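Got the viewer open? Here's a short tour, one selection at a time.

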Amino acid sequence: MKQGSSMAGERRWIPENLDPARPSPARIYDYALGGGHNLASDRAVFEQLEKIQPNTRQMAWSNRAFMRRAVVFMVDSGIRQFLDLGSGIPTVGNVHEIAGKADPACRVVYVDVEEMAIAHSRLLLDGVPNTAVVEADFARPGDVLDHPETRRLLDFGVPLGLLAVASAHHIPAEVDVYGAFDRYREVVVPGSALAISHMTADFERVQAKQMVETVQAIAHNPACLRTRSEITDLFGDFELAEPGLVPPSKWRPDISHTSGGGEEDGMWAGVGVKVRRP
Ligand SMILES: C[S@@+](CC[C@H](N)C(=O)[O-])C[C@H]1O[C@@H](n2cnc3c(N)ncnc32)[C@H](O)[C@@H]1O
């Protein structure tokens with residue numbers, strides 16, 4: 001990473017080989033959330049997305065708020081360790097902060113494939129106990145599960161919270177995303193949970209295809225919109241907690257939820273729980 005440039009701290013999170021002209025989904029998302037880890041190329045894409053879909057920023061916030069409620073749900077269910085698949089740039093409300101409020105002993109492994117997300121996560125989590133950052137493609141579960149940091153921090157003998165929040169739609173159709181999720185669900189014990197939010201073209205109010213095509217054309221990142229039924233399949237035999245698979249803002253909205261949200265979230269979201277089978 002570049003250290004101590006003229007813009008001092010601001011630039012410490014930029015990896016050396018980064019092409020600043022090439023936007024990244026992690027940084028576009030960071031900008032949508034009001035974070036400070038994005039570049040002009042990312043902001044330009046975001047502005048294009050807003051022209052296609054004026055509530056793009058609200059979509060990101062609804063998703064982020066879902067993640068917070070899903071983590072609280074898991075903590076309330078007794079889960080104290082988390083594997084965050086496609087964790088992004090952990091600027092605004094990290095999993096370890098949310099879970100750590102309930103119990104500082106909670107452990108979190110953040111997994112991402114994008115250099116900026118990894119660089120910033122490492123910087124932010126340097127010296128933070130009970131957290132680790134793993135650079136891996138989560139569609140290759142072996143690379144994540146056998147990683148020394150995963151093995152060091154997580155205990156697969158007790159319940160674990162799996163998170164794939166706004167990340168599985170980056171796994172293209174030609175990759176066996178179902179096989180990957182099968183593996184994650186298999187390796188955890190009953191009492192574990194899986195939270196997923198995923199972009200879809202199921203809702204007419206959201207120009208999902210146009211949004212994805214715009215990001216793909218400029219950033220060359222893969223994307224795959226899936227239907228409600230296809231996203232349900234990612235949960236396998238896990239039992240969906242109430243209210244099932246719904247738009248993120250409709251998943252157990254709490255007192256902090258103001259108004260709006262629903263089909264205009266452009267996503268399906270839910271939390272499945274692994275139950276003990278006789
Ligand atoms: C839209 S961001 C979501 C971040 C975070 N989960 C949240 O909801 O706030 C999606 C993240 O998934 C990451 N990602 C995409 N494909 C991935 C893959 N195959 N393996 C690991 N991370 C991936 C991207 O780099 C990006 O940081």
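Select the ligand and Val 113 to begin: one of the ligand's nitrogen atoms is 3.4 Å from a polar backbone atom of Val 113. Bear in mind as you click around that this is a predicted model.

Next, add Phe 138, where a polar backbone atom is 2.9 Å from a nitrogen atom of the ligand. Then pick Val 165: here, too, a polar backbone atom faces a ligand nitrogen, with 2.8 Å between them. Now turn on a surface for the protein. Of the 600 Å² of accessible area that the ligand has on its own, the protein covers 94%. If you're showing pockets, go to the largest one, since that is where the ligand sits.

Which elements give two or more residues to the shell around the ligand? Colour helix H1 (25–32) and helix H3 (56–76), and you have them. For the whole shell, select the 18 residues that surround the ligand; Arg 64, Gly 86, Asp 112, Asp 137 and Val 165 are the closest. Colour that shell by class and you'll get eight nonpolar, six polar and four charged residues.

Stay with helix H1 for a moment, but switch to side chains. Select Arg 27 and Asp 42, which form a salt bridge at 2.5 Å, N to O. Arg 27 belongs to helix H1 and Asp 42 to helix H2 (residues 40–52), so this pair ties together parts that are 15 residues apart in sequence. Side chains of opposite charge can pair like this when their charged atoms come close. If you want to hunt for others, a search of the whole structure finds nine salt bridges.

Two backbone stops to finish. Zoom in on the peptide bond between Glu 242 and Pro 243: is it cis or trans? It's cis, with omega at about 5 degrees. To find Pro 243, look in the loop between strand S6 (239–240) and strand S7 (267–273).

Last, select Asn 130, in the loop between helix H5 (115–125) and strand S3 (131–135). Check the phi of Asn 130: it is positive, about 65 degrees, although this residue is not a glycine.

Notes: Residues are numbered from 1 along each chain as its sequence is written. This is a predicted model: local features need pLDDT of at least 70, side-chain atom pairs count only at pLDDT 80 or more; totals for chains, interfaces and linings use all residues. Side-chain values use heavy atoms; hydrogens and water are left out. A residue is near a molecule or strand if one of its heavy atoms lies within 4 Å of it. A polar contact is a pair of N or O atoms within 3.5 Å; within protein, one must be able to donate a hydrogen and the other to accept it, and residues adjacent in sequence count only if both atoms are side-chain atoms. Accessible areas come from the Shrake-Rupley method with a 1.4 Å probe; for residues, only the protein chains shown count as cover. On a 1 Å grid over the protein atoms alone, a cavity is a set of points where a 1.4 Å probe fits but cannot get out, and a pocket is an open set with protein on both sides within 12 Å along at least five of seven lines; lining residues have an atom within 4 Å of a point. A molecule sits in a cavity or pocket if more than half of its atoms lie within 2 Å of its grid points. Helices (H or I, at least four residues) and strands (E, at least two) are DSSP runs, numbered from the N terminus. Ala, Val, Leu, Ile, Met, Phe, Trp, Tyr, Cys and Pro count as nonpolar, Asp, Glu, Lys and Arg as charged, and the others, Gly among them, as polar. A salt bridge is a side-chain nitrogen of Lys or Arg within 4 Å of a carboxyl oxygen of Asp or Glu.
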